[in-house]
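Reader: Hey, I'm new to this one. Can you walk me through it?

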Amino acid sequence: MVVSYLKNEGNVRDPKKPFFIMVGMNPPHSPYRSLDDCMEQDFDLYKDQPLDSLLVRPNADAKMKKAESARYYFASVTGVDRAFGQILDALKELGLDKNTIVVFASDHGETMCSQRTDDPKNSPYSESMNIPFMVRFPDRIKPRVDDLMLSSPDIMPTFLGLAGLSGSIPADVQGRNYSPLFFDGKADIVRPAGALYIQNLDGEKDADGKVRSYFPSSRGFKSAHYTLALYIDRKNRQLVKSLLFDDEKDPYQMNNLSLEENPEIVKELCAEMDKVLREIDDLWYEERILSDMIPYDK
């Protein structure tokens with residue numbers, strides 16, 4: 001459908017006007033259980049591969065039940081790669097490739113047996129929080145890798161900036177426009193100190209069993225160096241679990257550091273987290289949750 005639209009096959013589009021297309025690929029997405037989730041030609045590339053050749057991260061457990069999904073997952077990724085290539089080919093064929101902003105991204109990662117969890121998201125682990133985010137704009141952006149800690153709220157204003165529409169960004173948008181850094185990695189713009197981690201669980205339900213509120217189970221902060229996540233109990237809003245990783249020394253997050261033994265690191269991360277919670281008026285800020293750790297109003 002996308003390729004047909006770009007080529008104007010059976011569709012009405014003025015080729016002289018700008019266009020916007022958003023493509024939501026169906027795969028790869030759990031449950032990855034059968035050929036219904038991918039194309040057989042792609043699965044054939046992986047069906048005979050040993051699991052330990054696919055699950056190569058040292059924090060992945062190939063003995064988990066979900067491990068069998070790896071072959072279907074990689075097959076789905078291969079299918080996405082091919083389909084995305086078709087879009088790029090269509091742009092080139094139509095002479096639109098040089099002046100079209102193309103972005104490839106994902107809404108969340110996939111743990112795929114790392115950290116011994118079946119949940120592909122909802123966690124501060126790098127496999128979950130880190131996503132692909134590639135921007136192609138040949139006439140304006142030179143290929144490079146940047147360590148910008150971009151968060152979901154920043155995507156829309158940054159896209160508008162890339163398109164030359166910085167003046168059209170609504171004033172009440174929470175995110176920031178970081179497009180100047182895409183054009184020039186040395187641009188004079190303040191980079192974010194990190195990214196906020198949020199986990200909410202279902203709260204109270206009504207008589208029909210419908211969820212009417214949420215429980216703010218965890219908040220955390222991921223900097224370029226560390227990852228911190230704090231979890232509270234439903235009743236008393238007290239700390240029941242914590243995760244603290246030195247992502248530089250321990251990139252696979254296999255060593256959960258003690259909060260008590262790293263007070264300065266925790267203090268710094270909590271201070272940065274407070275700034276973001278305050279800015280978005282998060283429930284943790286409203287209720288001053290874990291105020292003994294997070295410096296609300298101090």
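Author: Sure, we'll go through aromatic pairs, a pocket, a helix and some backbone angles.
Author: This is a predicted model, where local features need pLDDT of at least 70, side-chain atom pairs count only at pLDDT 80 or more, and totals for chains, interfaces and linings use all residues. Residues are numbered from 1 along each chain as its sequence is written, and side-chain values use heavy atoms, with hydrogens and water left out.

Reader: OK, how many aromatic pairs are there?
Author: The count comes to eight. Rings of Phe, Tyr and Trp (its six-membered ring) pair if their centres lie within 6.5 Å; planes under 30 degrees apart are stacked, over 60 edge-to-face, and the rest tilted. Y32 and Y73 are edge-to-face, because their ring centres are 5.3 Å apart and their planes sit at 75 degrees.

Reader: Where do Y32 and Y73 lie?
Author: Y32 is in the loop between α1 (2-6) and α2 (40-43), and Y73 is in helix α4 (residues 69-93), so the pair ties together parts 41 residues apart in sequence. Helices (H or I, at least four residues) and strands (E, at least two) are DSSP runs, numbered from the N terminus.

Reader: And is Y32 buried or exposed?
Author: Buried, with a relative accessible area of 3%. Buried means under 20%, exposed over 50%, partly exposed in between (1.4 Å probe, protein chains only).

Reader: Which residues share an aromatic cluster with Y32?
Author: Y46, Y73 and F74 form one cluster with Y32.

Reader: Switching topic: which residues line the second largest pocket?
Author: Y32 again, along with S30, P31, R33, K65, K66, E68, S69, Y72 and D118. A pocket here is an open set of points on a 1 Å grid over the protein atoms alone, where a 1.4 Å probe fits, with protein on both sides within 12 Å along at least five of seven lines; lining residues have an atom within 4 Å of a point.

Reader: What about helix α6, which of its residues are buried?
Author: In α6 (residues 152-162), they are D154, P157, T158, G161 and L162. They cover an arc of only 145 degrees around the axis, which puts them on the same side of α6. That arc is taken from the directions from the helix axis to the C-beta atoms.

Reader: Any odd backbone angles? What is the phi of N122?
Author: About 60 degrees, a positive value although N122 is not a glycine. N122 lies in the loop between β1 (102-105) and α5 (126-129), and at 42% relative accessibility N122 counts as partly exposed.
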